[in-house]
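Me: Could you take a close look at one helix of this model with me, and then at the nonpolar packing in the rest of the chain? I would enjoy a connected account rather than a list.

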Amino acid sequence: MQPSITLGRVAGIEIGLHYTWLLIAVLITGSFVGYFSQTNPQWHTKTTWSAAVVISVLFFGSIVLHELAHALVAKARGMPVRTITLFALGGVAHIEKEAATPAAEFWMGIAGPVMSGAVGLLCAWLATLWDAGPVAVGLTPPVAVLLSLSSLNFMLAVFNLIPGFPLDGGRILRALLWRIFGDEDRATRISARAGQAVALSLFALGLWEFLALESLSGLWLGLLGWFLLDAATASYTQAEVLTGLRGVRVADVMSRDCATVRADLPLQRYADEYVLKTGRRCYAVEDRGAITGLVTPADLGKVERARWGDTTIAEVTHPLHQLRSVSPDTPVVEALQTMGREDVNQLPVMEAGRMEGWLSRSHIMHVLRTRTELSM
Ligand SMILES: [Zn+2]
C-alpha cells in the first residue's frame with residue numbers, strides 16, 4: 001500500500017497516510033461524539049467535538065508509535081524499513097527483509113503491542129494525576145480524553161496479540177513454532193492457517209453484528225476480517241512456494257544457452273533471423289568482443305516497426321551495469337525477491353564480471369511445477 005500523503009520522517013523512516021485513513025478518523029470522531037454526549041451531557045457541544053477530534057488525532061499518533069516500535073526493532077536487527085503507512089484498518093511498516101532468526105521475529109512482533117500497552121498505562125497514569133483536583137460533576141474533558149486513549153491503546157495491544165498471522169500475535173506464534181520445529185516454512189504455514197481461522201471468525205462476527213444488531217461497527221469488523229483473510233492466505237501460499245524452492249540455487253535452474261547478438265545489428269534482422277527462427281527469450285549483446293548488456297524480444301516493442309531497419313540493437317539494450325544481477329550460487333528464493341523488488345522478470349547471472357547465463361520467472365515456475373508433480 002503506497003501512502004497518498006507523506007507526513008514526515010522519523011529515524012529515517014517515512015511516515016505516510018493512505019487516504020482511506022480519513023474513513024477511520026471520521027468513524028472514531030463520530031463514535032466519541034456519540035459516547036461523550038451520553039456520558040457527559042453537561043459538556044458544551046464544542047467541547048464534545050473538540051475532545052473527539054483530539055482523540056482521533058492522538059490515536060493516530062498511538063498507531064504511529066506502535067508501528068515505529070516494530071520498525072525500530074527491525075532496523076536494530078538489520079532489517080531495513082522504508083515507510084510506515086496508516087490506512088483504514090490500522091498501520092503497516094514496510095520491512096524489506098524477512099527476519100533471519102526466530103528471536104528477531106519474536107522481538108519485532110512483540111514490540112508493537114508492548115509499546116501500545118505502555119502508552120495505555122502512561123495515559124491512565126496521566127489521567128489520575130490530572131484528576132487529583134476536586135471535580136464537581138463527571139469527568140473533565142482532558143481526563144476523559146486520556147482515559148479513552150488509554151483504553152484504545154490497550155485494545156490495540158490486545159487485538160494485535162491474537163495469534164493469527166500476519167497479526168503481531170501470529171508473528172509471535174510463528175517465531176515460537178519456528179524455534180520449536182526448526183522449520184521456518186512449516187511455522188509460517190501453521191500460523192497463517194491460524195490467521196485464516198481468526199479472519200473468518202472476525203468476518204462472521206462482523207456480519208452478524210451488522211445484520212442482527214444493525215451496528216455499523218460490524219461492517220468495519222467484517223472488512224477487517226476480509227483483509228486479514230486475504231493477507232493470511234497470501235502468506236500461506238508464499239510459504240508453500242518458499243518450501244518448494246529451499247536449497248535450489250540459481251545455477252540449478254538458469255539457462256546457459258544465451259544466444260549472442262551484435263550491438264550493431266539492425267532490429268529488423270534481429271527479429272527475422274533470431275527471434276522468429278530460434279524462439280529464444282534472451283540475448284546477450286556483444287560489442288567488440290565484450291558482453292555489454294541484454295536484449296529480449298519484448299524490447300522490439302520500444303521502437304515502431306517502420307524504423308526497425310535503421311535502428312540497431314545497441315539502442316534498445318539493457319546495459320549490464322544498470323541491471324541487477326545474481327551469481328550462480330545465489331539461492332533462487334533470494335533471486336525471486338530481487339526480481340520482485342526491481343520489478344523485472346529476468347536477471348542476468350554473472351560471475352567474476354562474466355555473464356554465465358540468465359534466470360527468468362518462468363525458469364522458477366518450471367522448477368516449482370516439476371517438484372509438485374514429483375511429490376504427488
Ligand atoms: Zn503491530
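Reply: Happy to; here is a walk along one helix, followed by the nonpolar cores. Please keep in mind that this is a predicted model.

Let's start with helix α1, which covers residues 21-39. With 19 residues at 1.5 Å a residue, α1 should span 27 Å, and its end C-alpha atoms are 27 Å apart, so the expected and computed lengths agree. Three residues of α1 are buried, namely W21, F32 and F36. Because these three cover an arc of only 30° around the axis, they sit on the same side of α1. Turn the helix to the face pointing away from that buried side, and you will find the exposed residues V26, G34 and Q38. As for partners, the buried residues of α1 pack against two strands, β2 (13-17) and β3 (81-87), and against the helices α2 and α4 (141-160).

Helix α2 (residues 45-76) leads us on to the largest nonpolar core, since this helix gives that core its largest share, 10 residues. In total the core has 57 residues, and A51, I55, A71 and L149 have the most contacts inside it. Both domain 1 (1-161) and domain 2 (165-246) supply at least three residues each to this core. For a closer view, try L149: leaving aside residues up to four places away in sequence, L149 touches I55, L58, F59, S62 and C123. Apart from the largest core lies another one, of 12 residues, including V253, V326, A335 and L359.

Note on methods. Residues are numbered from 1 along each chain as its sequence is written. This is a predicted model: local features need pLDDT of at least 70, side-chain atom pairs count only at pLDDT 80 or more; totals for chains, interfaces and linings use all residues. A nonpolar core is a set of buried Ala, Val, Leu, Ile, Met, Phe, Trp, Tyr and Cys residues joined through C-beta atoms within 7 Å. A residue is buried if 20 or more other C-beta atoms lie within 10 Å of its own, exposed if 12 or fewer, and partly exposed in between; C-beta atoms are placed from the backbone. Helices (H or I, at least four residues) and strands (E, at least two) are DSSP runs, numbered from the N terminus. Domain bounds come from an automatic or database domain assignment. Two residues are in contact if their C-beta atoms, placed from the backbone, lie within 7 Å. The expected span of a helix is 1.5 Å times one less than its number of residues. The arc is that of the directions from the helix axis to the C-beta atoms.
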